[in-house]
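Thanks for asking me to look this one over. Here are my notes, set out as numbered points so that you can follow them with the model open beside you.

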Amino acid sequence: MSRVAYPFLRIPEDAVEFSGWFIGDPGAPLLPASDVLADWDYARDLTVRANLKIDWPAASLALGFGDESWSAMAQLVIGTGQGHLPRQIRYATQQHLSNLSPTANLEFVLPASSLSAQLVARIEILLIAPSASASPLSPRMKGARLWTQELDVLIEDGGSSRFPVSSISFKAAFADKPHEF
């Protein structure tokens, strides 16, 4: 559920069959993504994959498009860096969607040199061409966001420090020395 109130109708969650997010090493079997990616290092590239299939008649009805044809695009956007606003955002890959081709298989390999702290991925279904018989609340502008799904994974051991750090008492460690205080 989104807290954003869009000014147009959107595709409901039950009209999109989303297989989930998968992540892993390039060329190896990918595993379902979790909140933290264990054992990642700076020499390890990552592959991100997600597949979806739109129930085109249900989506058309929900968008107020009726039986007329319309088209969309599934786009994979990936960001990396610490915090809610990633320092680097990449429009990784996209695939055209229509009633004849309602499935998108999106996969992208991220080089290790471009990754840090966390990985934020988002799939967006964007409107390309609206239906000719659109209702007053139907999306009409090219690029209108019809559906989204997001992933947020910490890739550096849950965001903890990279170097071991501990605190000590100078008074205890350097008793009777000039730098005790």
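Which residue in the hairpin of β1 and β2 takes a positive phi? The first point takes that up.

1. The hairpin. The residue is Gly27, whose phi lies near 85 degrees. Six residues separate the two strands of this hairpin. Please keep in mind throughout that the model is predicted. β1 and β2 run antiparallel and are joined by two bridges. Within that pairing, Phe22 stands opposite Pro32 in β2.

2. The sheet around it. The hairpin strands belong to an open sheet of four strands, ordered β2-β1-β3-β6, with antiparallel pairing. Its edges are β2 (31-32) and β6 (103-110), each of which pairs on one side only. Going inwards from β2, strand β1 (residues 16-24) pairs with β3 in the antiparallel sense over seven bridges. One partnership to look at there is Val16, whose bridge partner in β3 is Ile54.

3. The other side of β3. Strand β3 (residues 46-54) also pairs with β6, again in the antiparallel sense, and eight bridges hold that pairing. If you step along β6, you will find Ala104 as the bridge partner of Leu52, and Asn105 as the bridge partner of Asn51.

4. Thr103 in the sheet. This residue is found in strand β6. With a relative accessible area of 30%, Thr103 is partly exposed. Leaving aside neighbours within four places in sequence, its contacts are Leu52, Lys53, Gln95 and Leu97. A useful distance to check is the one from Thr103 to Val16: the C-alpha atoms are 9.7 Å apart in space, although the two residues are 87 apart in sequence.

5. The tryptophan pair. There are four aromatic pairs in the model by the ring-centre rule. In one of them, the rings of Trp56 and Trp70 have centres 4.1 Å apart and planes at 15 degrees; the angle is under 30 degrees, so the pair counts as stacked. Trp56 lies in helix α1 (residues 56-63) and Trp70 in the loop between α1 and β4 (71-80), so the pair ties together parts that are 14 residues apart in sequence.

6. Burial of that pair. Are the two tryptophans buried or exposed? Trp56 has a relative accessibility of 8% and counts as buried because the cut-off is 20%. Trp70 is at 4%, so the same cut-off makes it buried as well.

7. A serine beside the rings. Ser98 has its place in the loop between β5 (88-97) and β6. Leaving aside its neighbours within four places in sequence, Ser98 is in contact with Trp56 and Trp70. Ser98 too counts as buried, at 15% relative accessibility.

8. Other aromatic groupings. Ring pairs link Phe18, Trp21 and Trp147 into a cluster. Elsewhere on your list, have a look at Phe22, the residue that stands opposite Pro32. The charged end of Arg49 sits over the ring of Phe22, at 5.5 Å from the ring centre.

9. The chain as a whole. What pattern does the protein chain follow along the sequence? The order is β-β-β-α-β-β-β-β-β-α, which comes to two helices and eight strands. The radius of gyration is 23 Å, well over the 16 Å that the globule rule gives for 181 residues, so the protein chain is more spread out than a compact globule. Along the principal axes, the C-alpha trace spans about 85 × 40 × 25 Å.

10. Contacts and surface. Of the contacts in the protein chain between residues at least 6 apart in sequence, 70% join residues at least 24 apart. Buried residues account for 39% of the 181 residues. The protein chain exposes about 10,900 Å², and carbon and sulfur atoms supply 55% of that area.

Notes:
Residues are numbered from 1 along each chain as its sequence is written. This is a predicted model: local features need pLDDT of at least 70, side-chain atom pairs count only at pLDDT 80 or more; totals for chains, interfaces and linings use all residues. Side-chain values use heavy atoms; hydrogens and water are left out. Two strands pair if DSSP finds at least two bridges between them. Rings of Phe, Tyr and Trp (its six-membered ring) pair if their centres lie within 6.5 Å; planes under 30 degrees apart count as stacked, over 60 as edge-to-face and the rest as tilted. Buried means under 20% relative accessible area, exposed over 50%, partly exposed in between (1.4 Å probe, protein chains only). A charge sits over a ring if NZ of Lys or CZ of Arg is within 6 Å of the ring centre and within 35 degrees of the ring normal. The radius of gyration is taken over C-alpha atoms; the globule rule is 2.2 Å times the number of residues to the power 0.38. Contact means heavy atoms within 4.5 Å. Accessible areas come from the Shrake-Rupley method with a 1.4 Å probe; for residues, only the protein chains shown count as cover.
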